[in-house]
Amino acid sequence: MTTIDVAAKAGRREWLALAVLCLPTMVAAVDINVMFLALPKVSEDMRANSTEQLWITDIYGFLISGLLITMGTLGDRVGRRRVLLAGGAAFVIASLLAAYSTSTEMLIVSRAMLGLAGAAVTPSVLAIIRTMFRDPKQMGVAMGVWGTTLMGGIVLGPVVGGLLLGAFWWGSIFLMAVPVMGLLLVLGPLLLPESRNLTAGRLDVLSVPLSLVAILPVIYGLKEVGRAGWGAVPVVAVLVGLASAVLFVVRQRRITNPLLDLTLFSNRALAVAVVLALLAPMFSGGVTLMSTLYLQMVEGLTPARVAVWMLLPSIAMIVFGNFAAGVSQKVKPAIVLGIAGVFAAVGMFIVSQVDTGGLGMLMTGLTIALAGGGALGILSATLIMSSVPPEKAGSAGSLSGTLGEFGTALGVAVLGVVGTSIYRSQIQVPAGVPDTAAGAAQESIAGAVPVAAQISGPVAEQLMSSARQAFTHGLNVVAMVAVALFTILAVLALVGLRQVPTTNGMPIPGGPLPVAADAEPATGPKAGYRTQGRGSVPPPVPTIGPSESGAHS
């Protein structure tokens, strides 16, 4: 006898749980770049030097990037809900410490604790979503909602920061996380199911530091290149990271219980989705950063006004990302992603035509570009999570999060170097600028602004006019680079994913999750399910036989 494997439909409880999961996702994403606008006030209050400023802003992203893989695998082994709630509790404590820090050292340590907590949140959220939504159509919708909150949080970071800084003291940017994570701690045990990979072995102790050394030096080096250009320290850091990455890969291929299962990449859809998940935030993040600087340095807008202007592309990204996720249920992801890549390329082309005083054109182009980029980000994450069996959900979630972090750092560094190089080649410092200040003005537009404020008069106007034109030209070139690369991504999606069905018809591999030995039968409307803690997972169902992809037919 044979039966058909029908995935269980998620009910009201699962959708309420998704809403709860979206809250920590957005908070963790907001904290990635919320410090940028607050840094001047923090530096003035704390009297932080340049090195301390670097660690205040970057330590959070460093630790999230370095620990995502470890935390995702840890959740697979000890329980995803357990790791998520522990991360939420740590986030509350670290947020309070950061808000009321009395020294730079205390603030840096607090930000490091936030990074550790944030690394526990993202992969656990994705893994729990993968567990709750077994139906492919519902899985696509759930991933669309999650992706919207993630990217919305990243883009809204400066917006939220600007609005809070306009009304309160700088510590308020951390306090907003307390009620959100508190709600997670209250509702999480009631709504979220517990799940883990019961066949997983011990966590490989040596792989954890190898993964950290493979990621952290590379991100640090790329950030330094984007900030100050090529130098011995960032080059050595990148080389050390790349060498460690090679050792990490070699070890993962040899050990029985790897920290990151490299066999996942044998799935073609997953491999292409990984490339999209890495490169889409790279291009979007680099151009968005330069656009934000343009609004402040060229257009002269205050942080609060920049925050308001950035709401338009943020809303477009959220709306278009959800629309694309819905369309992919009836249209193949290859077509949807290809069109999204073209949208992003068109938007970047408009940005490449911006001149000084081109606020309207910039916002139009950036809105179209982020709309396309939003679709790329959401659907690539959906493909990654839908291409792995449920017992690998934590590892896949950590991979998706790491790619986004690494791609953003790569874009800020690489495209930042391109824009800075163009600026330095185009800027013309007037003869009246003192030699001691000319170097700072020629280094970056951020250096030219205080120099012009000090000298004033016609010479200052000439300096700022040249600096604005040079920076705008750099933005144009960076946008043109993004045009070419988004076009390549569109072609890659169309060719590499042409065999992938719609998300509504996409088989989710691996079948039902294994159930813990101490699980008890559920009662009531979900009788026939077996639970691990609160929540439920569907029981094994007889199948006709495995398909070529390894999924149950």
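So, Glu224: at 16% relative accessibility, this residue counts as buried, because the cut-off for buried is under 20%. Glu224 sits in helix α9, which covers residues 207–228. One thing to find on your screen is Val235. Glu224 and Val235 are 11 residues apart in sequence, and their C-alpha atoms are 9.3 Å apart in space. Oh, and please keep in mind that what we're looking at is a predicted model.

Okay, next, helix α5. That's residues 104–132. How many of the 29 residues of α5 are buried? The count is 23, so the rest of the structure largely encloses this helix. We can also check its length. At 1.5 Å a residue, the 29 residues should span 42 Å, and the C-alpha atoms at the two ends are in fact 42 Å apart, so that agrees. If you're wondering about the arithmetic, the expected span is 1.5 Å times one less than the number of residues.

Let's do the same check on α14, which runs over 333–351. It has 19 residues, which should span 27 Å at 1.5 Å each, and its end C-alpha atoms are 27 Å apart, so again expected and computed values agree. Plenty of α14 is tucked away: its buried residues include Pro333, Ala334, Val336, Leu337 and Gly338. Further along the helix, Gly347, Met348 and Val351 are among the buried ones too.

But α14 also has a part to play on the surface. Have a look at Ile335, Ile339, Phe343, Val491, Leu494 and Val495. Together they make a nonpolar surface patch of about 500 Å². Which elements give two or more residues to that patch? They are α14 and α19, the second one being residues 457–496.

Let's zoom in on two members of the patch. Phe343 is in helix α14, and it counts as partly exposed because its relative accessibility is 36%. Val495 has its place in helix α19, and at 44% relative accessibility it is partly exposed as well. Now, what is the separation between the C-alpha atoms of Val495 and Ala334? It's 7.4 Å, even though these two are 161 residues apart along the chain.

While we're on α19, find Leu489, which lies in that helix. Leu489 is buried, with a relative accessible area of 2%. Its C-alpha is 8.6 Å from that of Val275, and in sequence those two are 214 residues apart.

Right, aromatics. The count here comes to three aromatic pairs. One of them is Trp170 with Phe174, an edge-to-face pair with 6.5 Å from centre to centre and 90° between the planes. Is this pair buried or exposed? Both Trp170 and Phe174 are buried.

Another pair brings back our friend from the patch. Phe320 and Phe343 form a tilted pair, 5.1 Å centre to centre, with 35° between the planes. This one links distant parts of the chain: Phe320 is in helix α13, residues 311–327, while Phe343 is in α14, and they are 23 residues apart. The two partners also sit in different burial classes, since Phe320 is buried at 18% relative accessible area, whereas Phe343 is partly exposed at 36%.

Now for α18, residues 445–455, which shows a nice sidedness. Its buried residues are Ile445, Gly447, Ala448, Val451 and Ala452. Why do we say they line one face? Seen down the axis of α18, the buried residues fall within an arc of 140°, so they line one face of the helix. On the other side of α18 you'll find Ala453 and Gln454, which are exposed. And just after α18 comes Ser456, with a positive phi near 50°.

Last stop, back towards the start of the chain. Arg13 is found in helix α1, residues 12–33. Is Arg13 buried, or is it partly exposed? At 35% relative accessibility, it counts as partly exposed. Its C-alpha atom and that of Leu190 are separated by 9.6 Å, with their positions 177 residues apart along the chain.

If you turn the model yourselves, I'd go back to that patch of about 500 Å², with α14 and α19 each giving two or more residues to it. Okay, that's me done.

Definitions and conventions: Residues are numbered from 1 along each chain as its sequence is written. This is a predicted model: local features need pLDDT of at least 70, side-chain atom pairs count only at pLDDT 80 or more; totals for chains, interfaces and linings use all residues. Side-chain values use heavy atoms; hydrogens and water are left out. Patches are made of residues with over 30% relative accessible area and no salt bridge: like charges are joined within 9 Å, nonpolar side chains (Val, Leu, Ile, Met, Phe, Trp, Tyr) within 5 Å. Accessible areas come from the Shrake-Rupley method with a 1.4 Å probe; for residues, only the protein chains shown count as cover. A salt bridge is a side-chain nitrogen of Lys or Arg within 4 Å of a carboxyl oxygen of Asp or Glu. Helices (H or I, at least four residues) and strands (E, at least two) are DSSP runs, numbered from the N terminus. Buried means under 20% relative accessible area, exposed over 50%, partly exposed in between (1.4 Å probe, protein chains only). Rings of Phe, Tyr and Trp (its six-membered ring) pair if their centres lie within 6.5 Å; planes under 30 degrees apart count as stacked, over 60 as edge-to-face and the rest as tilted. The arc is that of the directions from the helix axis to the C-beta atoms.
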